[in-house]
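User: I am new to this structure. Please take me through it, and give the reasoning behind each label.

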Amino acid sequence: MPVFRSACPHNCWDQCSFIVNAAGSTITAVKPDPAQKVTGSFICRKGKRHLERINHPARLKHPLLQTGRGFKRVTWDEALALMAEKLSGATARLGPLSILHYFDGGHGGVLKNIESRFFSALGGCTAHRGSLCWSAGLAAQRYDFGGVLSHGYDDLPHSRLILIWGRNPAATGQHLLPFIRQAKKNGARVVLIDPLKTATAALADEHMAINPATDGALALGMAHLLIREGLTDGLFISRHCSGFEPYRDLVERYPPREVSQITGVAQAAIEKLAREYGAVKPGAILLGYGLQRHTNGGNTIRAIDALAALTGNIGVPGGGVSYANFQVAPWIDQAYLEGADLSPCRRFYPKPGLAEALREMRDPPVECLYISRANPLTQAGNSRKLAEAFKAVPFKVVAELFMTDTAAAADLVLPSTYFLEEEDLYFNSMSHTYLSYGPKLAEPPGECRHEYRIMQDLAGIMKLRGFPALPGSELIGRIIRPLTVSHGISLDKLKEGPLALPGGEAVPWRRRVFGTPDGKYHFFSAQAAADGRDPLPVYREPSELADRELHARGYRYWFATPHPPDSIHSAHRMPERSPQPRAYLHPETAREHGFTAGSKVRIESKRGSIEATAQLEETVPRYAVVVYEGWWQCSGAAVNNLTPDRLTDMGEQAALYDCLCRIEKSGIGH
Ligand SMILES: Nc1nc2c(c(=O)[nH]1)N[C@H]1C(S)=C(S)[C@@H](COP(=O)(O)OP(=O)(O)OC[C@H]3O[C@@H](n4cnc5c(=O)[nH]c(N)nc54)[C@H](O)[C@@H]3O)O[C@H]1N2
Ligand SMILES: Nc1nc2c(c(=O)[nH]1)N[C@H]1C(S)=C(S)[C@@H](COP(=O)(O)OP(=O)(O)OC[C@H]3O[C@@H](n4cnc5c(=O)[nH]c(N)nc54)[C@H](O)[C@@H]3O)O[C@H]1N2
Ligand SMILES: [Mo]
């Protein structure tokens with residue numbers, strides 16, 4: 001059986017490398033590639049479903065056109081001619097800004113990003129800034145450190161104390177777990193800080209159940225104690241930091257007793273954690289993305305970063321505040337992918353505000369929408385509002401593998417190739433520095449086409465200049481030119497197997513020279529002030545969660561929608577296979593509302609409602625209702641019908657978790 005290599009295309013922390021068995025053009029097995037040290041010897045639940053997904057009978061196989069009475073199959077020639085006509089028409093009448101290009105992380109290969117260059121060749125487009133995912137924290141770390149870098153997983157066993165803060169690796173990135181176990185074997189203590197007692201709690205020595213969106217206050221309270229008790233690293237602060245005095249004045253206002261009121265964490269526990277973090281070194285903070293999907297999310301991350309600076313836990317093995325890792329990113333030619341050399345015009349809107357943008361942008365209005373590698377009608381906040389806004393856009397094209405909620409709302413659906421059906425290069429910005437090449441190993445079903453080919457054909461029909469006509473391999477070579485120039489690594493080298501970036505640092509900021517203009521860590525960020533943000537990591541109450549009037553109207557439960565262990569977002573929620581959506585509730589909550597395990601619960605926010613089957617769990621806080629994100633509209637439990645399209649304090653991030661709901665037994669009405 002011939003053996004090949006590839007990598008997981010999912011938008012995930014671990015981005016595993018794979019060994020793939022193929023017989024002819026049929027993939028027979030996808031296995032972990034131990035040559036990639038993070039992947040090691042196993043792949044996760046979602047990774048194990050690649051074979052199912054690639055061979056799924058519901059794969060889109062032909063271009064489909066919405067006729068008003070349903071979709072009808074059309075030829076590629078017809079589809080491309082229609083698209084060219086609509087794009088040219090909109091450009092001629094209203095200019096290229098009337099075309100909006102939306103994409104997300106549905107496929108992690110560099111080649112798929114060439115779509116952006118197509119729109120630049122067209123003259124430009126309306127594009128997003130920010131994200132549904134992680135951009136508040138990215139903005140925060142850029143203010144503090146002037147860059148976003150993480151410790152390698154293999155550095156973790158040097159830690160003596162590990163704070164897993166708003167992250168759930170047992171579900172979302174299991175390849176971190178062996179490294180945590182190793183650290184524990186070496187004597188490290190592990191504390192999990194999360195409102196929910198997630199599966200990760202089983203790995204922790206202590207679970208600190210904090211009120212949602214109050215982590216910033218916890219961090220300020222810990223800093224208060226560290227400064228009061230002299231548990232700070234004075235040398236690190238004086239040599240490598242700026243803005244300490246105003247920050248010290250800020251934390252002065254957060255004694256642990258008051259912080260306890262805000263966070264719901266006992267004063268003694270706050271003090272113990274602060275003392276421990278100040279004394280037991282090195283201490284590693286592993287941040288997730290959950291805690292920054294609140295209106296105060298950016299400042300939360302800044303307040304936590306400051307703890308590491310205060311204690312000098314930066315640039316040392318076993319320390320750091322690991323959030324994301326942009327070590328490889330500079331070696332991918334983003335400017336080429338985006339077509340910056342083609343001088344496109346651009347209009348930006350904040351990504352979580354797509355509905356608002358579609359409704360409000362007038363000069364010009366959006367005439368054409370092209371969506372790829374994303375399912376915003378399921379995954380963006382306030383998705384019903386988005387569905388309404390969609391209706392007003394005259395021509396919508398969605399490139400997809402499946403008939404998702406978003407594809408179903410399109411005028412034209414283009415069937416795309418899955419990974420293994422095309423060559424691509426995979427890299428990661430969440431944790432590690434591996435680059436993995438995957439060749440084409442299987443023929444796509446039906447008439448599926450790679451986006452590069454689609455865009456190439458369109459550029460041909462529309463006679464656009466500046467869009468490449470190179471074969472895929474050569475284009476990948478072009479995209480990684482910065483890597484080749486700086487490190488001498490060509491695509492041929494990458495074809496040999498997964499490669500960790502040479503010189504990639506397991507311990508960032510070792511020289512303690514930061515990426516900020518003065519090279520210092522910034523407790524006080526003049527850049528943040530210049531951007532109209534708080535210069536200090538202040539704590540502000542969340543918006544909806546602290547809305548007393550809403551509480552009084554019965555919307556008194558936090559609607560928590562974390563990532564599912566068995567699916568990457570909506571991708572593994574194919575209607576015919578899906579088990580029943582669950583709403584996890586505390587037994588007391590259920591009793592109070594008169595339902596039992598198995599009851600259908602109606603969950604409602606001021607934006608919409610869903611239904612799910614009650615599952616009672618002692619571990620769910622009394623104030624929360626938990627439903628995993630990713631459920632499609634047809635399941636009745638599409639969580640983003642409830643969530644807001646509100647932004648966080650920085651980074652144009654979606655505050656998806658700032659959501660209150662009320663519940664009732666389904667069928668009762670009110
Ligand atoms: N199986 C699977 N794996 C995935 C994904 C998936 O959908 N499925 N998605 C991938 C993607 S795109 C991402 S971004 C990552 C996300 O990876 P993670 O950040 O690990 O996961 P999240 O579910 O986003 O949130 C993590 C935790 O944040 C907690 N949380 C929410 N609000 C707060 C708060 O105010 N304070 C604190 N301390 N904690 C809070 C939630 O309870 C949750 O347990 O996972 C990736 N991996
Ligand atoms: N309530 C709530 N909402 C959330 C979150 C949450 O925690 N709670 N998490 C947010 C986060 S962190 C993220 S990252 C977003 C994710 O938002 P999305 O990226 O929009 O979500 P996915 O469901 O992963 O959709 C990706 C789609 O890409 C398709 N796809 C896969 N490969 C290809 C390809 O090669 N080409 C094309 N054209 N399509 C392909 C898949 O079939 C899938 O439908 O969701 C956000 N939404
Ligand atoms: Mo994400």
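User: What makes the pair formed by the side chain of Asp194 and an oxygen atom of ligand 1 a polar contact?

Analyst: First, a caution: this is a predicted model. An N or O atom in the side chain of Asp194 lies 2.7 Å from an oxygen atom of ligand 1. The cut-off is 3.5 Å between N or O atoms, so the pair counts as a polar contact. Trp13 also qualifies through its side chain, with an N or O atom 2.9 Å from an oxygen atom of ligand 1. Ile193 uses its backbone instead: an N or O atom there is 3.1 Å from a nitrogen atom of ligand 1.

User: How do you know how much of ligand 1 the protein buries?

Analyst: Take ligand 1 alone and it exposes 910 Å². The protein buries 99% of that area.

User: Which residues around ligand 1 come nearest, and how does the shell divide by class?

Analyst: The shell has 37 residues, and Asp194, Ala213, Asp215, Arg293 and Ser567 come nearest. It divides into 20 nonpolar, 11 polar and 6 charged residues.

User: How is the chain divided into domains?

Analyst: There are domain 1 (3-54), domain 2 (64-132 + 334-500), domain 3 (151-323 + 509-530) and domain 4 (548-665). The centres of domain 1 and domain 3 are 33 Å apart over C-alpha atoms. Their contact takes 11 residues from domain 1 and 13 residues from domain 3.

User: Why is the largest nonpolar core said to lie between domain 1 and domain 3?

Analyst: The largest nonpolar core has 83 residues. Trp165, Tyr247 and Phe523 have the most contacts inside it. Both domain 1 and domain 3 give residues to this core, so it lies between them. A second core of 52 residues is separate, and includes Val74, Ile332, Leu412 and Leu494.

User: Which residues does Tyr247 touch, leaving out those up to four places away in sequence?

Analyst: Tyr247 touches Leu220, Ala223, Ala306, Leu310, Phe523, Leu536 and Pro537.

User: Why is ligand 2 placed between domain 2 and domain 4?

Analyst: Domain 2 and domain 4 both give residues to the shell around ligand 2, so it lies between them. That shell has 32 residues, with Asn375, Glu400, Glu451, Ser570 and Tyr657 the closest. By class they are 9 nonpolar, 15 polar and 8 charged.

User: What makes the pairs of ligand 2 with Arg373, Ala399 and His563 polar contacts?

Analyst: Check each distance. A polar backbone atom of Arg373 is 3.3 Å from a nitrogen atom of ligand 2. For a polar backbone atom of Ala399 and a nitrogen atom of ligand 2, the value is 2.9 Å. An N or O atom in the side chain of His563 is 3.0 Å from an oxygen atom of ligand 2. The limit is 3.5 Å, so these pairs count. On its own, ligand 2 has 920 Å² of accessible area, and the protein covers 98% of it.

Conventions:
Residues are numbered from 1 along each chain as its sequence is written. Chains are lettered from A and ligands numbered from 1 in the order in which they are written. This is a predicted model: local features need pLDDT of at least 70, side-chain atom pairs count only at pLDDT 80 or more; totals for chains, interfaces and linings use all residues. Side-chain values use heavy atoms; hydrogens and water are left out. A residue is near a molecule or strand if one of its heavy atoms lies within 4 Å of it. A polar contact is a pair of N or O atoms within 3.5 Å; within protein, one must be able to donate a hydrogen and the other to accept it, and residues adjacent in sequence count only if both atoms are side-chain atoms. Accessible areas come from the Shrake-Rupley method with a 1.4 Å probe; for residues, only the protein chains shown count as cover. Ala, Val, Leu, Ile, Met, Phe, Trp, Tyr, Cys and Pro count as nonpolar, Asp, Glu, Lys and Arg as charged, and the others, Gly among them, as polar. A nonpolar core is a set of buried Ala, Val, Leu, Ile, Met, Phe, Trp, Tyr and Cys residues joined through side-chain atoms within 4.5 Å. Buried means under 20% relative accessible area, exposed over 50%, partly exposed in between (1.4 Å probe, protein chains only). Domain bounds come from an automatic or database domain assignment. Contact means heavy atoms within 4.5 Å.
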